[in-house]
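Student: I have a model open and want to learn how to read it. Where do I start?

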Amino acid sequence: MRKKFVWAMVLGIAGVAAPLSAHHSFAMFDQTKVLQANGATVRGFHWRNPHSFVVVDIKGRNGVTSYTLECNSTNLMTRAGWKFNTLKPGDKVDVVYYPLRNGTAGGMLKTLTLPNGKTLNGW
């Protein structure tokens, strides 16, 4: 009986720990800095799990740069008002995001404001 209990505990702990170890850290994003880009052009919208992505072109001092912004899961984004067709290439949007710590073009999307003025949470 004791052996079955020990095996049940081992399997239970392994079942809980496996999904946690598969999820990545958010240490790559500098969540002490919040950047904003108004009038960004949507290049692509990747609606998928475990995380969706919005790719936008942002005009800066050195020209136009593409930023890949990580979002939440499709399940949580749907609850926040997103749909698979919320964004189309060419849409002009305002984005607020946490930048990547290493300084490359990208980050974690905080909010996105659509052309109609509706603001959606990305994370």
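**Reading the fold**

Tutor: Start with a strand pair. β2 and β3 run antiparallel, and eight bridges join them. Keep in mind that this is a predicted model.

Student: How many residues lie between β2 and β3 in their hairpin?
Tutor: Two residues lie between them. β1 and β2 also form a hairpin, with six residues between them. Those two strands run antiparallel and are joined by five bridges.

Student: Which residues stand opposite each other in these pairs?
Tutor: Take one example from each. H46 stands opposite F53 in β2. D57 has S66 in β3 as its bridge partner.

Student: What is the overall order of elements along the chain?
Tutor: Read it from the start of the sequence: α-β-β-β-α-β-β-β. That gives two helices and six strands.

Student: How do I read a single strand residue, say D57? Is D57 buried or exposed?
Tutor: Start with the element, then accessibility, then neighbours. D57 sits in strand β2. Its relative accessible area is 16%, so D57 is buried, the cut-off being under 20%. D57 touches A40, T41 and R43, and also V64, T65 and S66, leaving aside residues up to four places away in sequence. With R43 there is also a polar contact between side chains, at 3.1 Å.

Student: Now Q36. Is Q36 buried or exposed?
Tutor: Q36 is exposed, because its relative accessible area of 55% is over the 50% cut-off. Q36 belongs to strand β1, residues 35-46. Its side chain makes a polar contact of 2.9 Å with the side chain of N38.

Student: Which residues does Q36 touch beyond its sequence neighbours?
Tutor: Q36 touches V95 and V96, with residues up to four places away not counted. Look at L112 as well. Q36 and L112 are 76 residues apart along the chain, and their C-alpha atoms are 9.7 Å apart.

Student: Is there a general idea about side chains along a strand?
Tutor: Yes. In a regular strand, side chains alternate between the two faces of the sheet.

Student: And what should I expect of nonpolar side chains?
Tutor: In soluble globular proteins they tend to be buried together. Here, the largest nonpolar core has 20 residues. V54, V56, W82, L87, V95 and L112 have the most contacts inside it. β1, β2, β3, β4 and β5 each supply at least two residues of this core. The largest share, four residues, comes from β1.

Student: Which residues does L112 touch?
Tutor: Leave out residues up to four places away in sequence. Then L112 touches V54, W82, L87, V93, D94, V95, K118, T119 and L120.

Student: How do I read contacts and burial for the whole chain?
Tutor: Use the chain totals. Take contacts with a separation of 6 or more: residues 24 or more positions apart account for 55% of them. Buried residues make up 34% of the 123 residues. The chain exposes about 8,100 Å², and carbon and sulfur atoms supply 58% of that area.

Student: How do I read a loop?
Tutor: Check the peptide bonds and the neighbours. P50 lies in the loop between β1 and β2. The peptide bond from N49 to P50 is cis, with omega near 10°.

Student: Which residues does S73 touch?
Tutor: S73 touches N49, P50 and H51, not counting residues up to four places away in sequence. S73 is itself in a loop, the one between β3 and α2. S73 counts as buried, because its relative accessibility is 14%.

Student: Last topic: aromatic rings. How many aromatic pairs are there?
Tutor: Ring centres must lie within 6.5 Å to pair. By this rule there are five aromatic pairs. In one of them, the ring centres of F26 and W123 are 5.0 Å apart and their planes stand at 70°, so the pair is edge-to-face.

Student: Why does that pair tie together distant parts of the sequence?
Tutor: F26 lies in the loop between α1 and β1, and W123 in the segment after β6, so the pair ties together parts that are 97 residues apart in sequence. F26 is partly exposed at 23% relative accessibility. W123 is partly exposed at 35%. Ring pairs also bring in F29, linking F26, F29 and W123 into a cluster.

Definitions and conventions. Residues numbered from 1 in each chain as written. Predicted model: local features only at pLDDT ≥ 70, side-chain atom pairs only at ≥ 80, totals over all residues. Heavy atoms only, no water. Buried < 20%, exposed > 50% of the residue type's maximum accessible area, 1.4 Å probe, protein only. Contact = heavy atoms within 4.5 Å. Polar contact = N/O pair within 3.5 Å; in protein donor to acceptor, adjacent residues only side chain to side chain. Core = buried A, V, L, I, M, F, W, Y, C linked by side-chain atoms within 4.5 Å. Pairing = 2+ DSSP bridges. Areas by Shrake-Rupley, 256 points an atom, 1.4 Å probe, with all protein chains shown as cover. Phe/Tyr/Trp six-rings, centres within 6.5 Å; stacked < 30°, edge-to-face > 60°.
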